[in-house]
Amino acid sequence: MDYRLDLDWDDFLQRYWQKRPVVLKRGFKNFIDPLSPDELAGLAMENDVDSRLISHHDGHWQVAHGPFENFDHLGENNWSLLVQAVNHWHQPSSALMRPFRQLPDWRMDDLMVSFSMPGGGVGPHLDQYDVFIIQGVGRRRWRVGEKVPMKQYIPHPDLLQVEPFGAIIDEEMEPGDILYIPPGFPHEGYALENALNYSVGFRAPNGRELISDFADYVLAHDLGSRRYSDPDIKLRELPADVLPHEVDTLRQMMLELVQQPQHFQQWFGEFISQSRHELDIAPLEPPYQISEIYQLLQQGESLQRLGGLRVLRIGGQCFINGEVIDTDHLPAVDALCHNFSVDAALLGEAVDDPSFMALLAMLVNSGYWYFTH
Ligand code: SIN
Ligand code: CO
């Protein structure tokens, strides 16, 4: 399924992205859901899939975590089933993320899908990340408030909500409508009838995550072995003093670690090409021989990228799921980076190079790409 998004991207980026929430009425015309509520319920019964059931009655909120065995005990109102990273587990759903590729892949996270009965929702809250919430089947009323400092509270150990807020957007969303919300704007959505919603979520690392992951890289690669030294040390008045230029030198030592462009790029590529959610990886048993892959490609078969696999390029280096890929065949790498499905024509002359084919075999046998036949 090809989803065509009716949006003036230049205008959107300039006026709304990371600035203001907005409803994109009929962003998708004649919207058809990529999955049914039953299929979503089925995913929420699987072990590896991350799901939650949220319900509320008379202001009391309840949260249950999947996998679920059945949904029989639920009433007709006030609950919502949310499933994370549906694009990893349900191929057709991932097509809903493609139209948002005007924004870079590295900023994109996953597709969260929710099914809500009338009155169902997660309550008023803030998110740290940008999100496009697409209305599927049914109708849901969404309210968004101004981004102002707000008190957050915990109505249930697994829920973080905000106090009631005044609305700057208050809209009944219909199939194909899209609500864009930048980080920090309070919002809440209540279903008016049985409703599916698709949230295309983004990611944006904070300094804490960057420092912490970079520190792991420094340890793993034995960097930063140079030790503080002070051959020009002077006598000081108070031995208890750490002098300003000493603090400067120490800070400089830390900065020097970050200011190694090659290492920084290598680390960031590994870091950002890892998915935040589990992948549906099934290493191939028995593995393909290189010659089999060659043959299948020559027969016109194409290789499909695993849903949610992050394939990114930084300065000519290609990173796949936390690892750098070494090859000189840049057009083939471009094809793997850019397309979700590749065939012999897209890979070009690389398929005639045994070393590239060995790399491709490794990717296929790891479960990162698969033949669709
Ligand atoms: C949803 O209920 O589908 C989205 C929840 C949210 O606002 O993050
Ligand atoms: Co939200």
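**Note on the ligand 1 and cobalt sites**

1. In this predicted model, an oxygen atom of ligand 1 comes to 3.4 Å from a side-chain N or O atom of Asp127. With a cut-off of 3.5 Å for polar contacts, the Asp127 pair at 3.4 Å is included.

2. Two further side chains offer polar atoms to ligand 1 oxygens: the distance is 2.6 Å for Ser114 and 3.1 Å for Arg140. Of the 260 Å² of accessible area that ligand 1 has on its own, 92% is covered by the protein.

3. Ligand 1 occupies the space of the largest pocket. Strand S5 (108–116), strand S7 (140–145) and strand S13 (195–202) are the elements giving two or more residues each to the shell around ligand 1.

4. The residues surrounding ligand 1 are Leu82, Met112, Ser114, His125, Asp127, Arg140, Trp142, His187, Asn197 and Ser199. Sorted by class, this shell holds three nonpolar, five polar and two charged residues.

5. The cobalt ion (ligand 2) has as protein donors His125 through NE2, Asp127 through OD and His187 through NE2, at 1.9 to 2.1 Å. Along the chain these donors are spaced as H-x1-D-x59-H. His125 lies in the loop between S5 and strand S6 (131–135), while His187 belongs to strand S12 (residues 187–191); the pair is 62 residues apart and links distant parts of the chain.

6. The two sites should be read together. His125, Asp127 and His187 are among the residues around ligand 1, and His125, Asp127 and His187 are also the protein donors of the cobalt ion. Asp127 additionally has the side-chain pair with a ligand 1 oxygen atom at 3.4 Å.

Definitions and conventions: Residues are numbered from 1 along each chain as its sequence is written. Chains are lettered from A and ligands numbered from 1 in the order in which they are written. This is a predicted model: local features need pLDDT of at least 70, side-chain atom pairs count only at pLDDT 80 or more; totals for chains, interfaces and linings use all residues. Side-chain values use heavy atoms; hydrogens and water are left out. A residue is near a molecule or strand if one of its heavy atoms lies within 4 Å of it. A polar contact is a pair of N or O atoms within 3.5 Å; within protein, one must be able to donate a hydrogen and the other to accept it, and residues adjacent in sequence count only if both atoms are side-chain atoms. Accessible areas come from the Shrake-Rupley method with a 1.4 Å probe; for residues, only the protein chains shown count as cover. On a 1 Å grid over the protein atoms alone, a cavity is a set of points where a 1.4 Å probe fits but cannot get out, and a pocket is an open set with protein on both sides within 12 Å along at least five of seven lines; lining residues have an atom within 4 Å of a point. A molecule sits in a cavity or pocket if more than half of its atoms lie within 2 Å of its grid points. Helices (H or I, at least four residues) and strands (E, at least two) are DSSP runs, numbered from the N terminus. Ala, Val, Leu, Ile, Met, Phe, Trp, Tyr, Cys and Pro count as nonpolar, Asp, Glu, Lys and Arg as charged, and the others, Gly among them, as polar. Donors are N, O and S atoms within 2.8 Å of the metal (3.2 Å for Na, K and Ca); water is not among the atoms, so sites may look incomplete.
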